[in-house]
Amino acid sequence: MKPEERIHFNLADYTKLQYPTVFFISESSGVRTSIGLATKLKRTRSAHTHVDIYFLEPVGKYSGLFLELKDGKDKIFKKNGDYKTEHVENQADTIEKLNKKGYYATFAWSFDMAKEILDDYLHGNL
């Protein structure tokens, strides 16, 4: 299992245990499927770059929480502070657009960080 997958699975398990009434959806883009199923899945989502996990729980001024998970800050930024890849830059653009639409969206680069963001969000501390 890849480190990013482990973070994602752990966050999903944590959410189900600690917040069983919270609805969330995990983006399936990275899941290996047949070409036929991949084509069908792609056809049913928007053309935007998607983040990894969506929490469909309005809290305070936010309509929901969106997290893009990475297995280290170095997977997001180069040493000079620029985004590491065009794909990460596109993810950052999506995060910015979601924030402008009234969601709380951000990167998280460890399970502990993602858990802390989720806890703070659901307790109205953001």
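Q: Is G60 buried or exposed in this predicted model?
A: The model is a predicted one. The relative accessible area of G60 is 81%. The cut-off for exposed is over 50%. Because 81% lies over that cut-off, G60 is exposed.

Q: Where is the place of G60, in terms of the strands?
A: Two strands, β2 and β3, flank this residue. G60 belongs to the loop between β2 and β3.

Q: What distance separates the C-alpha atoms of G60 and L126?
A: Along the chain, G60 and L126 are 66 residues apart. In space, their C-alpha atoms are separated by 8.7 Å.

Q: In what order do the elements of the protein run from the N terminus on?
A: The protein has four helices and four strands. Read from the N terminus, the order is α-β-α-β-β-α-β-α.

Q: Why does the protein count as being as compact as a globular protein of its length?
A: The globule rule gives 14 Å for 126 residues. The protein is close to that value, so it is as compact as a globular protein of that length. Its C-alpha atoms fill a box of roughly 40 × 40 × 30 Å along the principal axes. The radius of gyration behind the verdict is 15 Å.

Q: What percentage of contacts between residues at least 6 apart in sequence join residues at least 24 apart?
A: The count leaves out pairs that are not at least 6 apart in sequence. Of the contacts that remain, those joining residues at least 24 apart make up 62%.

Q: Which element gives the largest share of the largest nonpolar core?
A: That core has 18 residues, and L11, F55, L65, L67, L69, L118 and L122 have the most contacts inside it. Elements giving two or more residues are α1 (3–18), β2 (53–55), β3 (65–69) and α4 (111–122). Five residues, the largest share, come from α4.

Q: Which residues does L118 touch, not counting those up to four places away in sequence?
A: L118 is among the residues with the most contacts inside the largest nonpolar core. Beyond its sequence neighbours, L118 touches L11, Y14, T15, Y19, F55 and L65.

Q: Is I117 buried or exposed?
A: I117 is found in helix α4. Leaving aside neighbours within four places, I117 is in contact with L65, L67, Y104, T106, F107, A108 and L126. Its relative accessibility is 12%, and the cut-off for buried is under 20%. I117 is therefore buried.

Q: What separates the C-alpha atoms of I117 and G102?
A: The two residues are 15 residues apart along the chain. Their C-alpha atoms are separated by 16 Å.

Q: What is the relative accessibility of I95?
A: I95 lies in helix α3 (residues 86–100). I95 touches V51, E68, A105, T106 and F107, not counting residues up to four places away. I95 counts as buried because its relative accessibility is 7%.

Q: How many residues are in the second, separate core?
A: In soluble globular proteins, nonpolar side chains tend to be buried together. Here a second core includes V51, F66, V88 and I95. Its size is ten residues.

Q: How far apart are the mean positions of the positive and negative charges?
A: The protein has 19 positive and 18 negative charges. Their mean positions are separated by 6 Å.

Q: What share of the accessible surface belongs to carbon and sulfur atoms?
A: The accessible surface comes to about 8300 Å². Of the 126 residues, 32% count as buried. The carbon and sulfur share of the surface is 52%.

Conventions: Residues are numbered from 1 along each chain as its sequence is written. This is a predicted model: local features need pLDDT of at least 70, side-chain atom pairs count only at pLDDT 80 or more; totals for chains, interfaces and linings use all residues. Side-chain values use heavy atoms; hydrogens and water are left out. A nonpolar core is a set of buried Ala, Val, Leu, Ile, Met, Phe, Trp, Tyr and Cys residues joined through side-chain atoms within 4.5 Å. Buried means under 20% relative accessible area, exposed over 50%, partly exposed in between (1.4 Å probe, protein chains only). Contact means heavy atoms within 4.5 Å. The radius of gyration is taken over C-alpha atoms; the globule rule is 2.2 Å times the number of residues to the power 0.38. Accessible areas come from the Shrake-Rupley method with a 1.4 Å probe; for residues, only the protein chains shown count as cover. Lys and Arg count as positive and Asp and Glu as negative; His and the chain ends are not counted. The place of a charge is taken as NZ of Lys, CZ of Arg, CG of Asp or CD of Glu.
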